[in-house]
Amino acid sequence: MDAVTLPDLSGRTAVVTGANSGLGVETTRMLAGMGARVVMAVRDVDKGREAADTVRGETEVRRLDLADLASVRAFAQEWEGDLHLLINNAGVMAIPESRTRDGFETQFGTNHLGHFALTNLLLEHVTGRVVTVSSSLHRMAPGIDFDNVDLVGRYTPYRAYAQSKLANMLFTLELQRRLMDAGSPVLAAASHPGYAATRLQSHSSSRIQRGLLAVGNRIFAQSAAAGALPTIYAATQDVPGAAYAGPKNLGGQRGAPALAGRSEAAWDGVAAQRLWTLSERLTGVTFPLRAKPD
Ligand SMILES: NC(=O)c1ccc[n+]([C@@H]2O[C@H](COP(=O)([O-])OP(=O)(O)OC[C@H]3O[C@@H](n4cnc5c(N)ncnc54)[C@H](OP(=O)(O)O)[C@@H]3O)[C@@H](O)[C@H]2O)c1
């Protein structure tokens with residue numbers, strides 16, 4: 001990274017969700033390289049172990065299926081001790097319409113609700129930062145469809161993805177506000193990788209789209225390692241609360257990490273609070289810290 005000093009994370013623990021693939025394994029590699037013990041939270045433990053074998057440093061593989069709130073609760077219940085960094089990285093993109101185990105639209109359920117529940121269930125252990133990986137495609141969502149978050153009757157794969165990634169942004173905004181209200185030193189931030197060559201683009205039901213994205217991955221995309229840098233930046237550099245980091249070149253698609261711009265909808269504090277209340281209701285998980293008395 002340009003002119004960036006990476007901290008020594010020896011003695012610190014990080015959790016990376018979706019750590020078996022793409023940006024997740026690269027984020028794991030970098031954090032482990034800085035000395036952190038990284039818990040690789042994955043839905044398929046065998047795939048997680050295979051990925052862990054490619055990482056130098058201290059790692060541990062644990063099962064977490066973000067599309068199943070019982071699995072999220074089980075992961076959190078087993079947690080003991082301090083957690084310096086929680087990296088909410090896992091995600092699905094532009095998949096055919098489907099439901100999570102709890103009946104939520106899968107992209108909103110996995111990308112947002114699963115991480116919402118995980119974060120709040122682990123928050124009392126977190127000592128450093130919560131970084132949530134969003135996407136520049138959050139800009140495609142004009143807002144959250146509060147009356148129909150599952151997009152019943154109006155589902156399109158990219159509409160649902162964009163909404164879930166806007167939800168990641170609003171979650172970060174409201175989490176930061178709540179942490180500050182509680183007088184917590186923990187910082188919430190978001191990141192996006194620009195366009196990085198991973199398996200993310202391989203799940204579309206359209207062969208044409210899959211083909212175009214495979215070509216795009218080869219020609220335009222940056223490496224998964226470069227795509228992980230904005231997350232490392234948000235996790236380790238001196239950034240403000242609710243910061244959003246992304247690559248600084250080519251309209252935010254490639255290059256060294258820096259603070260990035262976001263859509264107007266991603267700054268909407270009222271929508272952020274409304275999404276929080278809705279997410280608490282849907283998951284049954286609430287913010288665990290108390291507001292500081294005035
Ligand atoms: N690549 C890009 O250009 C790009 C651009 C913008 C944003 N992003 C964001 O970057 C993040 C990482 O994606 P990637 O590009 O690295 O894609 P990827 O290689 O497909 O990795 C996605 C990871 O998420 C995991 N995952 C999916 N559903 C899960 C669930 N229910 N529970 C637990 N883990 C689950 C996957 O596990 P399996 O291997 O078991 O499927 C995989 O480890 C995502 O949040 C994505 O939205 C990526």
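How many residues surround the ligand, and which are the closest? Before I answer, let me say that what we are looking at is a predicted model. In this model 29 residues surround the ligand, and the closest of them are N20, S21, Y161, T198 and R199. If we sort that shell by class, we find twelve nonpolar, twelve polar and five charged residues. As for the helices, α1, which spans 22-33, and α5, which spans 157-181, each supply at least two residues of the shell.

Let me turn to individual polar contacts, beginning with R43, where an N or O atom of the side chain is 2.8 Å from an oxygen atom of the ligand. The backbone takes part as well: a polar backbone atom of A67 is 3.4 Å from a nitrogen atom of the ligand, and a polar backbone atom of L200 is 3.3 Å from an oxygen atom of the ligand. Taken on its own, the ligand has 890 Å² of accessible area, and the protein covers 97% of that area.

Now to the pocket itself. The ligand sits in the largest pocket, which holds about 880 Å³ of space. This pocket is lined by 41 residues, and those nearest its centre are N89, A90, G91, V92 and L200. Two or more lining residues come from each of α1, β2 (37-42), α4 (106-122) and α5. By class, the lining has 18 nonpolar, 17 polar and six charged residues.

So that you can find your way in the structure, I would start at L200, which has the backbone contact with the ligand that I described and is also among the residues nearest the centre of the largest pocket.

How values were computed:
Residues numbered from 1 in each chain as written. Predicted model: local features only at pLDDT ≥ 70, side-chain atom pairs only at ≥ 80, totals over all residues. Heavy atoms only, no water. Near = heavy atom within 4 Å. Polar contact = N/O pair within 3.5 Å; in protein donor to acceptor, adjacent residues only side chain to side chain. Areas by Shrake-Rupley, 256 points an atom, 1.4 Å probe, with all protein chains shown as cover. 1 Å grid on protein atoms, 1.4 Å probe; cavity = no way out; pocket = protein on both sides within 12 Å on 5 of 7 lines; lining within 4 Å. Sits in = over half its atoms within 2 Å of the grid points. Helix = DSSP H or I, 4+ residues; strand = E, 2+ residues; numbered from the N terminus. Nonpolar A, V, L, I, M, F, W, Y, C, P; charged D, E, K, R; others polar. Points joined across faces, edges and corners; volume = space filled by probe spheres on them.
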